[in-house]
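Work through the exercises below with the sequence and the model open. Each task is followed by its solution.

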Amino acid sequence: MNIAIGTADLFILGLYLIGVVLFGSWVGGRQKNLSDYLLGGKTLPWWAILGSIVATETSTVTFLSVPGIAYEPGGNLQFLQLAIGFIAGRFLVIAFLLPLYFRGEIYSAYEVLKDRFGGTTERVSSLAFIVMRTLADGLRLYLTALVLEKVVGIPLSTCIILIGVGTIVYTCMGGMKSVVWNDCLQFVIYIAGAIFAFAVIIDKLPNGWSDFQQFAVSHHKMSMFDFSWDLSNKYSFWAGLVGGLFLSMATHGADQLMIQRYLGARSQRDAAKALGISGFVVFAQFALFLLLGIALAAFYTSFPPETAFAKSDEVFATFIIDNLPVGIKGITLAAVFAAAMSTLSSSLSSTTSALVNDFYLPLTATKKQPAELVKTSRYFTALFGIAQISVGIAANYLIAESVVGNVFKIAAISTGLILGIFFLATFSKRASQIPALLGFLIGLATVLYVAFAMPDQVAWPWYTLIGAMTVFFVGIIGSIFLPDKKQTGGK
């Protein structure tokens, strides 16, 4: 076994992974009912929800792949245009979608759709979320395991299983409280790791900060805006603003992963505060990761690697292993796993919540006791963990391009369709279940055609807009010609 780091760093990393599992299992306490297990008893403070929101959308994909975007030849700060759209989208969610989730006692975002359209619409939307989340987070797990493979030299599939099982354990034991408080801890760790790494790179450059500045200017790395109207350019201002706005509305307004956090807040006001501020925190975080990528490009220009990097995803991970000093290396590697485990644990909790509340409870004839429901939810959590592990292992044989692109593509395709259903629920009094489902099917066919038949003509930030608007307009038109007959419950 070829171990790439020293004993001290390996000890720090191992101690962190064990500590996360123990802390998560302890902080969650005992869960007496579904509210405790899935919503943290609705006692979570707004600042903890804020930290959880940011940490959840900051997976290893963000931590490793976003620096790779700025590292690449021609790479710069234009990825931040997407974050501008993320900020705008969050405030639209606060204004139009967030109130939907505080009108009654709900556990899943898609229960709102059952009340408006019927049980079939609820389950179709929930299933789309479950499939998307399992695929996307399986890819995130894969990227995290690539780092562990480099560090300890054990087979990639074994690394995927180790990380996956660790996350399953503390999510099962601690529930939503465990997820949120671990997210806050992990947010601090990965930001500290990124700052440490950036400082080390600057220190290693022959002339320090001046070399970084000169490289960034001479290679046009500080360029942030591109106002071209080219739909194939995924990093234009319009793709960022419009595409990012719709993607953020979908991921933060119609995705159980985030909505589960709002439902755990003490009030709608607290949820809105956490969501609104999170957009600016994410912008600052993206800026840090991109500057890190520029610093890496400056470093490897001065000190070229012996072997060229096959993927930009590998650059930061390689630097961590080869160049960070003892102690800081262990902390930074812990930050990589912090980013991954925060997202994966959130994914397991939210998919469990969707499955239990949108499928299991409505389709179960006998009433279950609270303790029995908690036990069943833990089984489902483990099941989704195994599914993500399977996707992560399969990704090693299927993924040939940057992981961040694949994750965003999956999210943009599926969440846009669900957002379109929520638009119908919010802005159309006439639309019923049949037009909504017709819109979903036509929207799915449309966005899949664009994604696979026109990948060079239309960039992924537009997929959410295309999917959402297709669902919405087909639903509106369909409601004119189809009978306005609402189906309710499990019908």
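**Exercise 1. Which residues of α5 are buried?**

Take buried as under 20% relative accessible area, exposed as over 50% and partly exposed as in between, with a 1.4 Å probe and protein chains only. The buried residues of α5 are L80, Q81, L82, A83, G85, F86, I87, G89, R90, V93, I94 and L97.

Before going on, note the basis of the values. This is a predicted model, in which local features need pLDDT of at least 70 and side-chain atom pairs count only at pLDDT 80 or more, while totals for chains, interfaces and linings use all residues. Residues are numbered from 1 along each chain as its sequence is written, and side-chain values use heavy atoms, leaving out hydrogens and water.

**Exercise 2. Compare the expected span of α5 with the distance between its end C-alpha atoms.**

Step 1: helices here are DSSP runs of H or I with at least four residues, numbered from the N terminus. Helix α5 covers residues 80-97, which is 18 residues.
Step 2: the expected span is 1.5 Å times one less than the number of residues, so α5 should span 26 Å.
Step 3: the end C-alpha atoms of α5 are 25 Å apart, which agrees.

**Exercise 3. At what angle do α8 and α13 pack, and how is that arrangement classed?**

Step 1: fit the axes to C-alpha atoms over the stretch in contact, and take the angle, from 0 to 180 degrees, between N-to-C directions. Helix α8 (residues 156-204) and helix α13 (residues 313-323) pack at about 70 degrees, with axes 12 Å apart.
Step 2: angles of 65 to 115 degrees count as roughly perpendicular, under 35 as roughly parallel, over 145 as roughly antiparallel and the rest as oblique. The two helices, α8 and α13, are therefore roughly perpendicular.
Step 3: list the contacts, meaning heavy atoms within 4.5 Å. From α8, A197, V200, I201 and K204 meet F316, F319 and N323 of α13.

**Exercise 4. Is F319 buried or exposed?**

Step 1: F319 lies in α13. Its relative accessible area is 0%, so F319 is buried.
Step 2: apart from neighbours within four places in sequence, F319 contacts A197, V200, I201, K204, L296, F299, Y300 and L324.

**Exercise 5. Which residues does R133 touch?**

Step 1: R133 belongs to helix α7 (residues 119-152). R133 counts as buried because its relative accessibility is 6%.
Step 2: not counting residues up to four places away in sequence, R133 touches R140, D255, L257, S347, T351 and Q388.
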